[in-house]
Amino acid sequence: MQVQIEESWKKILQSEFEKQYFLDLVNFVKQEYQQNRCYPRGKDIFNAFNYCPFSKVKVVIIGQDPYHGPKQANGLCFSVHNNVSHPPSLINIFKELESDVAKPYPKSGDLSYWAEQGVLLLNATLTVRAHKAGSHQGKGWEIFTDAVIQQISLQKEDIVFLLWGGFAKKKGAKIDKTKHHILTSGHPSPLSANRGFWFGNKHFSQTNDFLVHKGLEPINW
């Protein structure tokens, strides 16, 4: 089957697209989008890959679900469309950026400029029904995104993986820790951040320090 996804990723993931679980997933997603309001828009489902070709990946951030409110999800984890109010987790990400690398709090919550620099903003589940968090979990997306992480781990080296919260840490089980740089902390959601598990992790400066050490361009966060 044909999946509309950036060419380098298509080659790497072609075998996944042909597996039965993925064919079943496609049928489920098509039906959901026909019968319910779902996010992100169909053309944005694979934006994490389309903005960040395989050859450019330097950093991987793992999210859980797309936002399930109107006009929020744009296919990149933690990111929202321009002119959309910033969700609580994104607010805390930007606050940490302010204190860590002295970046002024941005007006736009669209993180596509991170993705274009080599940050793969990967949700574990790539679609969701409107106003129903987790509604597309357990349908096959997690198998697919595990395969994505595994291919990055196998085929690349010195990738920085940012694992925020228990869910992302479990998702990181497929990463070869001898080849890659893994940073973990609590989730940026208010529940975790307000208990002291997010602020001060300095993941953004640590990521850039590692990239520079490896002779790579740092990310302009």
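## Helix α4 against helix α9

Helix α4, residues 88-101, and helix α9, residues 203-213, have axes that come within 8 Å of each other and cross at roughly 60°. That angle makes α4 oblique to α9. On the α4 side, the contact is made by Ile93, Glu96, Leu97, Asp100 and Val101, while α9 brings His203, Phe204 and Ser205. Sorted by character, the residues of this contact of α4 with α9 comprise four nonpolar, two polar and two charged. Please keep in mind as you look around that this is a predicted model.

## The surroundings of α9

Let us stay with α9 for a moment. Its buried residues are His203, Phe204, Ser205, Thr207, Asn208, Phe210 and Leu211. The three α9 residues named in the contact with α4, His203, Phe204 and Ser205, are thus found again in the buried set.

What covers these buried residues of α9? The cover includes helices α4 and α5 (112-115), together with strands β2, β5 and β6. After α9 comes glycine 215, with a positive phi near 80°.

## The sheet

Now to the strands. Four of them form an open sheet with parallel pairing, and the order is β3-β2-β5-β6. The edges are taken by β3 (119-123) and β6 (181-185); each has a single partner strand, so one side of each is left without a neighbour in the sheet. From one strand to the next, the twist averages 20°.

Strand β2, residues 59-63, runs parallel to β3 and is joined to it by five bridges. One pair to look for is glycine 63, whose bridge partner in β3 is asparagine 123. Helix α6 packs on this sheet, where it touches β2, β3 and β5 (160-164), and the direction of α6 makes about 155° with that of β3.

## An edge strand under cover

Strand β3 stands at an edge of the sheet, so how many of its residues are buried? Five of its five residues are, which leaves β3 mostly covered.

In a regular strand, side chains alternate between the two faces of the sheet. In β3, Val119, Leu121 and Asn123 lie on one side and Leu120 and Leu122 on the other, and all of them are buried, so that both faces of the strand are covered. Asn123 is also the residue that bridges to glycine 63.

## Helix α2 against helix α6

Helix α6, met above on the sheet, also packs with another helix. The axes of α2 (residues 20-35) and α6 (residues 141-155) are 9 Å apart, and the two helices pack at an angle of about 125°. This makes α2 oblique to α6. The crossing of the pair is left-handed.

Tyr21, Phe22, Leu25 and Val29 of α2 make the contact with Trp141, Ile143 and Phe144 of α6. The make-up of this contact of α2 with α6 is seven nonpolar residues, with no polar and no charged ones.

## A closer look at tyrosine 21

Tyrosine 21 is one of the α2 residues in that contact. Is tyrosine 21 buried or exposed? Its relative accessibility is 17%, and because buried means under 20%, tyrosine 21 counts as buried.

Leaving aside residues up to four places away in sequence, tyrosine 21 touches Glu16, Gly140, Ile143 and Phe144. Two of these, Ile143 and Phe144, are named on the α6 side of the helix contact. Glycine 140 is 119 residues away from tyrosine 21 in sequence, yet their C-alpha atoms are 6.1 Å apart in space.

Notes. Residues numbered from 1 in each chain as written. Predicted model: local features only at pLDDT ≥ 70, side-chain atom pairs only at ≥ 80, totals over all residues. Heavy atoms only, no water. Axes fitted to C-alpha atoms, helices over the stretch in contact; angles between N-to-C directions. Helix = DSSP H or I, 4+ residues; strand = E, 2+ residues; numbered from the N terminus. Parallel < 35°, antiparallel > 145°, perpendicular 65-115°, else oblique. Contact = heavy atoms within 4.5 Å. Nonpolar A, V, L, I, M, F, W, Y, C, P; charged D, E, K, R; others polar. Left-handed = near helix turned anticlockwise from the far one by under 90°. Pairing = 2+ DSSP bridges. Buried < 20%, exposed > 50% of the residue type's maximum accessible area, 1.4 Å probe, protein only.
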